[in-house]
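Me: Please take a close look at one part of this chain, the packed helix pairs, and then connect that part to the sheets and loops elsewhere. A plain account is enough.

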Amino acid sequence: MPPKLPKWFNNCILKTYLLLHDVSVVSKERADAVFDTLKHAFGPNSCFMLPINSKSTSDANVPADLWSQYIKRSPDSTSDVASTLSNLATTPAEQAPIFPSQNIIERGEDTLTGSVQESVHPLTSPETDVYDNANSLQTHSFSGSVESVSVSAKGIDLSTEVHGAALNNNDIEAIKKFLQEYASKALLPYIEKQISQLSESVANRKGVSRSLLSATKRWFGTGKGGNATGNSAVVYTNDCPELQLRRLGDLWFLCGQWQRAFDTYHTAKREFYADSAWLCYAGALEMAAISAFMAGDSNRKTHGYLEESIVTYLNTCRMVQYAVRATLLSVICLTSSGLHGEAAKQLIRMTSEDSDLRSAMLLEQAALCFLSGPGTKAMCRKYAFHMVLAGHRFSKAGQKKHAYRCYKQAHQVYSGSGWRLATDHVQFALGRLAGALRRAHDAVQWLAAPLAPHPPQPPAQQEAFLREYMHAHQQWQESSEERRSRLEKLPLPVAEVSMTRVACAGPAPLSSPRRCGATSLCVHAPRRDPHEERVWRTLEEMLVQVARGAVPMIFKPTLDLYDDTTDCHPLVPQGEPIQISVTLWNPLKISLILKDVELLWRFTPLNESGDSDDNNSIYNEIALAQGVEVASNVIVGQKLPSVVLEGDSKKSLIFSLTPMKVGQVYIQGLAYKLINAGEGASENSSTGVSIQGKVDLMSGVKSMDKRLEITVIPEAPCLQMTFSETNPDIISGEIRTVDVELTNVGPVDMKNVFIAVSHPECVSVVTPDNVVDDFKILYDEKFREITPNSEERGRGAEAWRRAAARHVRAARCGPAVLLLRPHSAAARLHVLAYYETGLERRPYRLLRHVFRFNVVDAVDITINPRRSLKTVNESVAEIVNLSVEVSNISENKSDQINIELLEAAFLSRQWKITNLIAARDKNDILAPREKLHLVFKGHRILEAVPEGRVETSCVKISEGHPDSIADITSPPYSKFMINKKSSFIDSADNTFNQDIEKRSGLLQSMFVLRWKAQDETTGRSAVGQHCLWLDCFNKVQYGEKVLVTDNNPPLPLDENESKLDVTENKKNIKKDNVVMFKMEHSKQINHDFNERRLCIIPVTLSIVNCYGVPVRVFINMSKQKNRETSGRELGWTGALHNGPDADSKEIGVSIHLKKFETRRVQVQGVCAAPGTYLVGSAFTVTTQGTEPHMNVTDVSNNTSLLVLQQA
């Protein structure tokens, strides 16, 4: 017995003696003799003997480890315990013992050595008990005293430890028997005796042995525990009634008599409260609440007991360790009553900055309380928040594994919640903890998560995240073997897979001075324009129509540029480069530097049968991971030495890849070295952490990206086009000459080269061996009679064939000339070259080019064609008058463009122009915003013009000008004799209808005006020409200038101005008359009506058939049109005919006219009274022809006046 016992113990404790008999060492006779001596000395009821180690051989009925089903320990936990014990402080003299394989510790060997003196019991709590934060939660610091126990242990491997290996069935039964005998013979009688004695003592001596100090405090003290500021000064002896009452309650509690224990503790706490013994008072409250909880009578009052006990421990006694104990017990009581929030609050209250480990454990338990609420009352967000706090405190206490566990549980709540800042913090903490726990791969994954797109952190925090990730990744690469076989995927930068483009258009031509190559396809161009795609598709269909005679029923356009909208594998001939555009996005706000950027690819050759041989695939990822050069005889790639990605920006990188063998090429990703040089990083930065990795370009495993699976076909011809440089600034209608060179740079010959243009009226291809009759093109376009087709499908097919022939021209390799005449509606001119390869998978290839001009409008013409009848040599002939208005409409104030008119040409099969009348000097130069009016006169061509021929008539406006010497029949002017019209590509559905409509007029001529522009600012001069198709008379034809009406009309100055309509009324535009007539009669006649009541007036009508077909003309004299307001009517006399129909009641003159025939008709008018008569209003003219539009009725000229006077 130690000389000093704890205050809760006394000398009357139960003394029991157990003799262990090791059967394997000591014989049974000797053990019985010793046991008899022991019983003789201490009494038979206090002595017991237990035989052990009786097992000599293996017994199948006895398990190998008796306690294995009760001790659950994972291998990790056993190793952790062993490592923890081995890491504790040891003295230099202590050496780790070598344990046998059975892990049985030899007898007599001490595993724990204490630094405390033998005279002090480890459970002794002196009166000067002070809370020691540093040692409050150590393994063997139970009392929290200043003296702490230093424990050192030697390494023990607990993973294979076996318990009870030397016990047999008899030993096990002996142990069970010993426990029964000990309880029945020693323990229970002792407890009964103690309860009886304590009950009697408390009943007899209650309240007698109180000290003077206790009585004084009860009568004069406040009695409130919460107001005291220090520990109690009351000193109880071991046999005082208060402690005996407390000891009685402990015995009732030990025996499971919860209600009696509660009553006893309740009585004791009143006594302690009266004596202001606050430490004992708090303990009694604590035990009373626990007794009520065990009895099932826990309520708000008993919960208040524990709350008051905790407050007393904290505020009065300053015993934090006891307050923690009471808090843990209170949490059990509160959670059993469903008060999870109150339990969590008590746990959180006990946290402080004094002990990180204790606070971490309490915060973790508080988080579990928040999560333990029933149903929807579970507070998951509070659970996650306090788990984060617990992980932080565990980390500060050095418990990295527990901190990692808490953060990981909190991440389950924050993941996918949308709380990016909280999630990034948790992931960053998990990454650092995983690195500290030597989980390098997990650390890399956790630290990569905060670098996801759209981070909300400031640049400095993002840089810290990136730096930590790169350090972790570097450590993992140094310790991992996986990097030798593959590259790790990095979170930065992000590949915009939808913006990846692949171009297989062949090599670009070599640069030469003052020449440029065909633009073809550009991988970094903007997204596809639907209009551009339709233009290229239509041009390709026209090329196939001309080259092969027909378009396939299911036509698929050729693709050379592949993006996210395409769904086919790219085809590239062997030896030709592939252009691949990859867009990288830096989602952070700091700059990133990439070094040695190149594509990751896999090449699969073809076997003898032509199928892919996957067994012989070649990868460059393995070589890059191992730092080995890849053989260049398979694929020649491009490496970018350095790329800088600015913060929150996207950048497109273009790579060139040339396959040297036939097979399949799969683009898998992008390999690079990521360098973090901090803020202000530049491309030449050499400092900072560098890691090697990749970014995947495949959109997914299930949905493979076909544009990155490239098929390499055998060698094929490759066409290149180069053009002489031309100024993009041009005047609308200006004629440009561009030299073209067509070259085959492929190893295979090409054949059947054709070139298609989007606007044939603006582009003309001239080759040495391709002589084109330009007038035949004009004839076919404007004058050839179209054979009517009853079927709509047939009409569309015919219009399609004509359009294809007009847009496509044959060509060959070598020099050629392109003549360009863009206008404002055709600022983009598309040129598409076609050539055949002879390969089955790619029978033909295409080469694209687009001319882009900045078109300026400078010349605009307006023509008002009119006709009249003129008497020549006593015959009437038709005369055409073209009223032409030429305007200089250049509106750019920075340009001073002057216009000079050179020549006018008239292309027709019916009319010719002969002379010119100008309102002012025709050689005058038109300055900006000036106009010039010209009148061209002409006559009808009466001779028959052969089919396929167009008559040309020219009028020189500027006589002797050098640029007006060549007429319209010589190139380049003969190449542009067709007016601006909607291209078949722009409005393919309306082309046939336009062809029908344009052949219904009587004029049907092309007016061509050539001009010269001089830019006074730049000194540049240009020659161009405008074409305008004239279909019918009395209809104003406008040029290229489009009038834009203002939606907001000007403010009227007065009432009358607001009623004026200065716009042209389209309803008043007259159509062409089928016939024209001229009246001849006396203007003034004197007649004596007294002598003769009727006056006979002779009238001669000259009628001209304006059409090239016979017509019947009926002059209706039975109705008066536009009768004079005076009511006077002009009558007719002579031989008259019936109307056009047999049943018609109309009378007049009927005649038949041949084509273009002129006839004079004599009629007589009758007047019955003097006055003024309108001779033209006295009849109407009706025509009937072979076509429906000839059956019209027209009113004669009502301005022919006749004045009849009385003689």
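Reply: What follows starts with the chain as a whole, goes on to the two helix pairs, and then turns to the sheets, a covered strand and a loop residue.

The model is predicted. The chain holds 22 helices and 47 strands. It has 1207 residues, of which 44% count as buried. Taking contacts between residues at least 6 apart in sequence, 76% join residues at least 24 apart.

Now the helix pairs. Two packed helices are described by the angle between their axes and the distance between the axes. For helix 6 (residues 258-274) and helix 7 (residues 278-295), the axes come within 8 Å and cross at roughly 160 degrees. Angles over 145 degrees count as roughly antiparallel, and helix 6 and helix 7 are therefore roughly antiparallel to each other. Their crossing is left-handed. On the helix 6 side, the contact is made by Trp 258, Gln 259, Ala 261, Phe 262, Tyr 265, Ala 268, Lys 269, Phe 272 and Tyr 273. On the helix 7 side, the residues are Trp 278, Cys 280, Tyr 281, Ala 284, Leu 285, Met 287, Ala 288, Ser 291, Ala 292, Met 294 and Ala 295. Sorted by class, the contact of helix 6 with helix 7 has 17 nonpolar, two polar and one charged residues.

The other pair is helix 10 (residues 340-349) with helix 11 (residues 356-371), whose axes come within 8 Å and cross at roughly 170 degrees. That angle makes helix 10 roughly antiparallel to helix 11. The crossing of helix 10 and helix 11 is left-handed. Helix 10 supplies His 340, Ala 343, Ala 344, Leu 347 and Ile 348 to the contact. These meet Leu 362, Leu 363, Gln 365, Ala 366, Cys 369 and Phe 370 in helix 11. By class, the contact of helix 10 with helix 11 has nine nonpolar, two polar and no charged residues.

A helix can also be followed onto a sheet. Strands 22, 20, 24 and 25 form an open sheet of four strands in the order 22-20-24-25, with antiparallel pairing. Strand 22 (808-811) and strand 25 (844-852) are the edge strands, and each pairs on one side only. Neighbouring strands of this sheet are turned by 20 degrees against each other on average, direction ignored. Inside the order, strand 20 (residues 751-757) is joined to strand 24 (residues 828-836) by five bridges, and the two run antiparallel. Within this pairing, Ala 756 stands opposite Leu 832 in strand 24. Helix 17 (residues 530-548) packs on the sheet and touches strand 20, strand 22, strand 24 and strand 25. The direction of helix 17 makes about 40 degrees with that of strand 24.

Another open sheet has five strands in the order 5-17-19-23-21, and its pairing is antiparallel. Strand 5 (515-517) and strand 21 (763-766) stand at the edges with a single partner strand each, so one side of each is left without a neighbour in the sheet. In this sheet, neighbouring strands are turned by 30 degrees against each other on average, direction ignored. Strand 17 (residues 719-724) and strand 19 (residues 736-744) run antiparallel and are joined by five bridges. The bridge partner of Leu 719 in strand 19 is Asn 744.

Further along the chain comes a strand with two partners. Strand 39 (residues 1111-1116) is mostly covered, with five of its six residues buried. Six bridges join strand 39 to strand 42 (residues 1147-1153), and these two run antiparallel. Here Arg 1112 stands opposite His 1152 in strand 42. Strand 39 is also joined to strand 45 (residues 1180-1184) by five bridges, again in an antiparallel run. In that pairing, Ile 1115 stands opposite Val 1181 in strand 45. In a regular strand the side chains alternate between the two faces of the sheet.

Last is a residue outside the strands. Thr 1018 lies in the loop between strand 33 (1005-1015) and strand 34 (1021-1030). The relative accessibility of Thr 1018 is 56%, and the cut-off for exposed is over 50%, so Thr 1018 counts as exposed. Thr 1018 and Asp 895 are 123 residues apart in sequence, yet their C-alpha atoms are 8.1 Å apart in space.

Note on methods
Residues are numbered from 1 along each chain as its sequence is written. This is a predicted model: local features need pLDDT of at least 70, side-chain atom pairs count only at pLDDT 80 or more; totals for chains, interfaces and linings use all residues. Side-chain values use heavy atoms; hydrogens and water are left out. Buried means under 20% relative accessible area, exposed over 50%, partly exposed in between (1.4 Å probe, protein chains only). Two strands pair if DSSP finds at least two bridges between them. Axes are lines fitted to C-alpha atoms, for helices over the stretch in contact, and angles run from 0 to 180 degrees between N-to-C directions. Contact means heavy atoms within 4.5 Å. Angles under 35 degrees count as roughly parallel, over 145 as roughly antiparallel, 65 to 115 as roughly perpendicular and the rest as oblique. A crossing is left-handed if the near helix is turned anticlockwise from the far one by less than a right angle, and right-handed if clockwise. Ala, Val, Leu, Ile, Met, Phe, Trp, Tyr, Cys and Pro count as nonpolar, Asp, Glu, Lys and Arg as charged, and the others, Gly among them, as polar.
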